[in-house]
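Here is a short tour of how one protein model holds together, from helix packing to ring pairs and charges. Have the viewer open and follow along.

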Amino acid sequence: MHFVDAQKYNMDNQWFENAYFITGTAYAGKSTMIKLLAEKYDGILCEENYHDRLLDELDKEEFPCLNYTRNLEDWHDFIRRSPEEYKAWFDGVARECEILELRILEDLKKQEKPIFVDTNISIETLKKITDPNHVLVMLADPDISVRRFFERPDREKQFLYQLIMEEPNPEKAMENYRRGLELINSQEAYDRFLNYGFSVILRDESRTIEETFALVEEKLGLRD
């Protein structure tokens, strides 16, 4: 299957009137809120990495970043990359995911149901394809994304942790990997989300899930 480059998309024909997007940083609550929205409003759920359904169809020349891990012979090479290489790969994955997400959403909007998206689509593109009131930015302090990266029990993160622990110098390997996380979850990236112009919710440990959900509904114009 061939996908056009994201930069060549005709955004005039890519308008998502009934889609609601949550973007931002890790550990801000995006995944939880998207699931609650889809459940309450009987909508289509596009949770984190929903583009994975298309991975088997991708050409490795056209989508080199998404194909990187599929072609790895030794997964230790993944965690041995320099922080700069890791950041460049991460940014490339986001750009390639945007292409896939736009393709999927174009098909989903035909169902005429609300669509709730935990998205990789850039804030610049979101500004072009939907009402700004349908976009919410959720942010956690940059330090949280780095410090708590391996605290989640999901299989992928624990697999990476085990790879790091298998290195000849685990402490040095962990320091190298965390430096890559710091580049991705930088204060600059945080401020860019914060100041772009979309509605923002900041992580607050004293707020309950129900209280956060009420804020999300309000920000997206779903509460009366």
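## Helices that cross

Start with α1 and α10, which are roughly perpendicular to each other, because an angle of 65 to 115 degrees counts that way and their axes cross at roughly 70 degrees. Those axes come within 10 Å. As for handedness, α1 passes α10 in a right-handed crossing. Keep in mind that this is a predicted model.

Now look at the other pair, helix α4 (residues 83-108) and α8. Here the axes come within 8 Å and cross at roughly 45 degrees. That angle makes α4 oblique to α8. The crossing of α4 and α8 is right-handed.

While you're on α4, have a look at L108, which is found in that helix. L108 is buried, at 11% relative accessible area. How far apart are L108 and K87 in space, C-alpha to C-alpha? They are 31 Å apart, with their positions 21 residues apart in sequence.

## A salt bridge between α1 and α10

Back to the perpendicular pair. The side chains of E217 and K40 form a salt bridge, with N to O at 2.7 Å. E217 belongs to helix α10 (residues 209-219) and K40 to helix α1, so this contact ties together parts that are 177 residues apart in sequence. Is E217 buried or exposed? With a relative accessibility of 2%, E217 counts as buried, because the cut-off for that is under 20%.

## More salt bridges

Searching the whole structure turns up 16 salt bridges. One of them joins the side chains of K35 and E47, at 3.7 Å from N to O. K35 sits in helix α1 (residues 30-40), while E47 is in the loop between β2 (44-46) and α2, so the pair links parts that are twelve residues apart in sequence. K35 is partly exposed, with a relative accessible area of 42%, and E47 is also partly exposed, at 36%.

Another salt bridge stays inside one helix: the side chains of R179 and E182 meet at 3.4 Å, N to O. Both residues lie in helix α8 (residues 170-184), three residues apart, which is about one turn of the helix. R179 counts as partly exposed at 38% relative accessibility, and E182 is partly exposed with a relative accessible area of 38%. Elsewhere, R148, E151, R203 and E205 are joined into one network by salt bridges that share partners.

## Rings

What describes a pair of aromatic rings? The distance of the centres and the angle of the planes do the job. This structure holds 15 aromatic pairs. Take Y68 and F78: their ring centres are 6.3 Å apart and their planes lie at 35 degrees, so the pair is tilted. Y68 lies in helix α2 (residues 64-68) and F78 in helix α3 (residues 76-80), so the pair ties together parts that are ten residues apart in sequence.

The two partners have their own surroundings. Y68 is partly exposed, with 23% relative accessible area, whereas F78 counts as buried at 6%. Both Y68 and F78 belong to a cluster linked by ring pairs, along with W75, Y86, W89, F149, F150, F159, Y161 and Y177.

## Charges over rings

Two rings of that cluster also have a charge sitting over them. The charged end of R81 is over the ring of W89, 4.7 Å from the ring centre. The charged end of K157 sits over the ring of F149, 5.0 Å from its centre.

## Backbone oddities in the loops

Where is D42 found? D42 lies in the loop between α1 and β2. Phi of D42 is near 50 degrees, a positive value in a residue other than glycine. D42 is exposed, with a relative accessible area of 54%.

N49 has a positive phi too, about 65 degrees, although N49 is not a glycine. N49 has its place in the loop between β2 and α2, which also holds E47. N49 is partly exposed, with a relative accessible area of 31%.

Note on methods. Residues are numbered from 1 along each chain as its sequence is written. This is a predicted model: local features need pLDDT of at least 70, side-chain atom pairs count only at pLDDT 80 or more; totals for chains, interfaces and linings use all residues. Side-chain values use heavy atoms; hydrogens and water are left out. Rings of Phe, Tyr and Trp (its six-membered ring) pair if their centres lie within 6.5 Å; planes under 30 degrees apart count as stacked, over 60 as edge-to-face and the rest as tilted. Helices (H or I, at least four residues) and strands (E, at least two) are DSSP runs, numbered from the N terminus. Buried means under 20% relative accessible area, exposed over 50%, partly exposed in between (1.4 Å probe, protein chains only). A charge sits over a ring if NZ of Lys or CZ of Arg is within 6 Å of the ring centre and within 35 degrees of the ring normal. A salt bridge is a side-chain nitrogen of Lys or Arg within 4 Å of a carboxyl oxygen of Asp or Glu. Axes are lines fitted to C-alpha atoms, for helices over the stretch in contact, and angles run from 0 to 180 degrees between N-to-C directions. Angles under 35 degrees count as roughly parallel, over 145 as roughly antiparallel, 65 to 115 as roughly perpendicular and the rest as oblique. A crossing is left-handed if the near helix is turned anticlockwise from the far one by less than a right angle, and right-handed if clockwise.
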